[in-house]
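Let us walk through this structure step by step, taking one helix at a time and then turning to the confidence of the prediction.

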Amino acid sequence: MTMRRPIATLLTCLLLIGLLPTPVLAAGACSIYRSWNVGDSFTAADATQSFVTVGQTNMIWSCLDDYSANVTQMQSTVDPYPTSVVSLATTGQGELERLRYVIKKLTGWSQWYAHTETPVFTGTAPDGATYITQTTNATLSAEQSLGALTTGLLLNTVTVSTGVLTAYAGTSCTNQFPRSLNASGAATCASVANADLAGSIAASKLVGTDIATVGTITSGTWTGTAIAFAQGGTGLTTALDDTTLVSNGSAWVASALPNCTAATTALQYATASNAFSCGTISAGLSAASQAEMEAATSNTVAATPGTTQYHPGVAKFWGKWNDAGSLLASYNITSITDTAVGDHTVNIGTDFSSGNYAVVATGGTSGNQMSISTMVAGTVRIIGWAGDTPFGLADMTTWFAVGYGDQ
Amino acid sequence: MNRIVTRKQIGRAIFFGKIIAALYIGTMAGLFGLPLPALWAQNEVIVFTRPDGGVSVVNPAPECLAQLQRPLGSPTVPGQCPVSGLTLAGALDWIRQKDVPANATHVTVRDRSELSPSRRFRDAWRIQAGVVHVDLPAARVIREREIARAIDKEIAASAVAGQTAWDARDNVTATAHETYRNALRALRGQLATDLAAIADLATLDTWTPVYPRSP
């Protein structure tokens, strides 16, 4: 308890000491050098520093006080060039107000700071500049007026870096197209030539779905899809080996051909399935040989035109000729030899095998008679006799002879 | 009137006859599309002389000639001449080799128009210098035979009639027939002499003796 009292006394003294007035030094921009109390000493250094602070340190825009303390002052402007005479500012305020005036004048804003408004510039463009105008303006001295040109396309020509616009009517191409333009813009009309269409036409270039009329296609390679049956094609894109096209009634189908090369096979076709197959040929009669024809005994071979003459029952030669020996019709006779009146010889083409064969001869003269004389394998002599008495050789108006035998 | 036809005249007639025949056949062939070689070939004949002096005429069969002249390699027609590819001359030669006997002479191909169309003197044909002509002496023999045969027939008929008259006691008629027959025999005996006086074929062809009157 004894110790607490001195401590409290000490603290109170310190507090009182702190409450006593003491000189304060100012610090930072826009601050005064120091504040002064009565009884403070004022030295030369203090004086210097005070003026340095006032005249230099704090003499900057950020330490100067504002001018627009209210809206009126904010909106205050002064014309720096009234009636084209310079109005000199006498204060910084005056300078600001003159600048405000120019800003407001240039922008057309209601106030010099109202930048959210649309600026309205006033004044006139120079009259001597080269303008391109829609209509002719009498004020302008170097304009190019589009309204002064005729209707057409604009053609720009340049002379010494100066463009000059003129209008030209263009070129009308009837059922043709402008193939080229000359320097004056005039077109050369031309029809579409084959060379214009050379090369492939991309699918993207084909507009529409139908080709109504075509000409004659003289060359080229078809690389399209298969031509359908309904369009006159086969509808097929492959040609398989050993197949043939048959119709099933609605389309062409490739039907395979079997290999039927055997002597006893034959190609067969089934209409129901449109399929081919190999069938077996039933054994038939074969052609008779010469020996078989001459034997005349077989019932398993057939007589054919080429061997029929070898049958013993078939005439081996026959002929009809006149009295001079001229043949009117014959078979297997090479000639008739007219030896004398009533004496003719038949010369046989394919000889008999011997002189043993039969000849039937007759004549076309009533009452005359005929006889067979010399017979050898290749000839037979026929004699004509007068029918009256005495008998003598006599011609027939027509001679007939037929021979049977083995050749 | 007897008219003598010279060989020169005959040759000239044959020449013009061939031209006319050629024009006719050519025209017909053109109009009707007939195979000219075959048609023409029918006029070609092969003539030759036999050892006995007679003339034989080989008449080629048109069918055989046509076969022989078909293009080479043509199918053989059964019963026809088994060769093809020959010309007309070749075909005729092929037939000649086959049908003309080896002992034949004067073998030649002639046009039929050169041969006489008459068959009366056929056995008197002879070949001289490649031309067929009628041998007049041989023709006289033929004509004599013809007339003699007719006289013999008349004699035989008269003998029958005379016998019939004898059987009927008709002596007049029977005697007349005997006289008639004697006249015929005399006529027959005179034939050779009468025919020997004929110097051309035309006269020989038409000549007949003066027959006695039949009772």
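How many residues does helix α6 of chain B have, and what distance does the helix reach from its first C-alpha to its last? In this predicted model, α6(B) covers residues 171-196, which makes 26 residues, and it reaches 38 Å between its first and last C-alpha, close to the 38 Å expected at 1.5 Å a residue. There is nevertheless a kink of about 45° in α6(B), centred on B:Q190. Several residues of this helix are buried, among them B:A174, B:H177, B:Y180 and B:L195, and the buried residues of α6(B) pack against α5 (136-167) and α7 (201-206) of chain B.

Chain A offers another helix to look at. Helix α2 of chain A, residues 44-57, has 14 residues that should span 20 Å at 1.5 Å a residue, and its end C-alpha atoms lie 18 Å apart, which agrees. The buried residues of α2(A) are A:D46, A:S50 and A:T53; seen down the helix axis, they fall within an arc of 65°, so they line one face of the helix. These buried residues pack against β2 (34-35) of chain A, whereas the face turned away from them carries the exposed residues A:A44, A:A45, A:F51 and A:Q56.

How far the prediction is trusted varies along chain B, whose mean pLDDT is 84, with 80% of its residues reaching 70 or more. Among the elements of chain B, strand β2 (residues 55-60) has the highest mean pLDDT, 97, and helix α2 (residues 36-41) the lowest, 41. Over residues 21-41 of chain B, pLDDT stays under 50. The model scores ipTM 0.76 and pTM 0.50.

Notes. Residues numbered from 1 in each chain as written. Chains lettered and ligands numbered in written order. Predicted model: local features only at pLDDT ≥ 70, side-chain atom pairs only at ≥ 80, totals over all residues. Heavy atoms only, no water. Helix = DSSP H or I, 4+ residues; strand = E, 2+ residues; numbered from the N terminus. Expected span 1.5 Å × (residues − 1). Bend = angle between axes of the 7 residues up to and from the residue. Buried < 20%, exposed > 50% of the residue type's maximum accessible area, 1.4 Å probe, protein only. Contact = heavy atoms within 4.5 Å. pLDDT = per-residue confidence, 0-100. Arc of directions from axis to C-beta.
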